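Thanks for making time this morning. I would like to walk you through one model, and I suggest that you keep the structure open while I talk.

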Amino acid sequence: MTTFKFSQVDVFSATPHRGNPVAVVHDADSLTQEQKSRFANWTNLSETTFLQAPTDPAADYKLQIFTPDEELPFAGHPTLGSARAWLDAGGQPRTAGELVQECEIGLVTLLIDDDGDLAFAAPALIRSGEVDSATLATARAALGLAPGQIQAAQWVDNGPGWLGLVLQDAQTVLDVTPDSALFTREDLRIGLLGAHTSDARPGQEAAGGAARADVEVRALISMGGTVREDPVTGSLNAGFATWLIPAGRAPEEYVAAQGTVLGREGRVQVRSDGEDIWVGGPARVTIHGTVEF
């Protein structure tokens, strides 16, 4: 048996245990792909990551990201959570206030603000553009949506394979009840976004103490004949922002709520600086320990 440092990080919520957890194994260079995959399946979290020494001299560390079933080239909340775990374990960035993560999609830059919160630069989409009519019809039927309830659709794939749907408003997003029997494509990952229609502004407090938001987001994934919903999803929010901000369909800065129907209080901060789109929020290590392989 070999012992490794282990962290579990709650991402995208200022309220403890209301965000999206990620499991992080430190100094995992000696682990095999099979060991990593098996451990990620065992944790049964949406993602488990493995911190390693970088192979690119420009990076601070290398990261591999696994779901219970597959390895991903990139994912958002694991990127933020793993960066927080690396920093809390004593990692020293090469550049003050900035981190560079090496992962399968390439190098990802993160910024550290004065409060210690992190934001990553949204990676370029590897698939974008219009959605074919057959895929859109499948998605609409599986979600129980009428054609008029979908305002826009586009591929927003930055690694996980997201199909983005803009719905008429936030309540329509919250009301969606996916039908597993009609969610027949195992490779289909659907993101939903709808604008809140109240006069709430980011930073104001809503009922229960959760900060209000401009839009509501949900992430639905077909897996093993069922539909799993991800609590708070950085890659999806990055994909939406990469599409909607340049198209003029979203402001240059906004807050997305996610996880509401799951009892979470995810809040994703999105902003464009004219060159990059930054996606971030709180990330706090909630479990420290060790794991044996």
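Before I name any residues, let me fix one word: by buried I mean a residue with under 20% relative accessible area. Please also keep in mind that this is a predicted model. The chain averages a pLDDT of 93, and 95% of the residues score at least 70, but over residues 200–208 the pLDDT stays under 50, and for that stretch the model has 16 contacts beyond four places in sequence.

Let me begin with helix α2, residues 76–88. With 12 of its 13 residues buried, this helix is largely enclosed by the rest of the structure; the buried residues are Gly76, His77, Pro78, Thr79, Leu80, Gly81, Ser82, Ala83, Arg84, Ala85, Trp86 and Leu87. Does the length of α2 come out as one would expect, or what do we find? At 1.5 Å a residue, the helix should span 18 Å, and its end C-alpha atoms are 19 Å apart, which agrees. Just after α2, glycine 90 takes a positive phi of about 105 degrees.

From the helix we can step to tyrosine 61, which, leaving aside neighbours within four places in sequence, is in contact with residues including Thr79, Ala83, Trp86, Leu99 and Leu110. Tyr61 also belongs to the largest nonpolar core, which has 50 residues, and it is listed there with Val9, Leu99, Phe120 and Tyr254 as having the most contacts inside that core. Helix α5, residues 234–244, gives this core its largest share, six residues, and at least three residues come from each of domain 1 (3–122 + 281–292) and domain 2 (127–275). A second, separate core of 19 residues includes Leu143, Leu167, Leu188 and Leu192.

Leu192 brings me to arginine 218, since Leu192 is among the residues that Arg218 touches, as are Asp175, Glu229 and Gln258. Is arginine 218, in strand β12 (residues 215–223), buried or exposed? At 5% relative accessibility it counts as buried, and a polar atom of its side chain lies 2.9 Å from the backbone oxygen of valine 173.

Finally, look at alanine 121 in strand β8, residues 118–121, which at 12% relative accessibility also counts as buried. Beyond its neighbours within four places in sequence, alanine 121 is in contact with Val108, Thr109, Ile277 and Trp278, while its C-alpha lies 9.9 Å from that of leucine 107, 14 residues apart in sequence.

Technical notes. Residues numbered from 1 in each chain as written. Predicted model: local features only at pLDDT ≥ 70, side-chain atom pairs only at ≥ 80, totals over all residues. Heavy atoms only, no water. Helix = DSSP H or I, 4+ residues; strand = E, 2+ residues; numbered from the N terminus. Expected span 1.5 Å × (residues − 1). Buried < 20%, exposed > 50% of the residue type's maximum accessible area, 1.4 Å probe, protein only. Polar contact = N/O pair within 3.5 Å; in protein donor to acceptor, adjacent residues only side chain to side chain. Contact = heavy atoms within 4.5 Å. pLDDT = per-residue confidence, 0-100. Core = buried A, V, L, I, M, F, W, Y, C linked by side-chain atoms within 4.5 Å. Domains from an automatic or database assignment.
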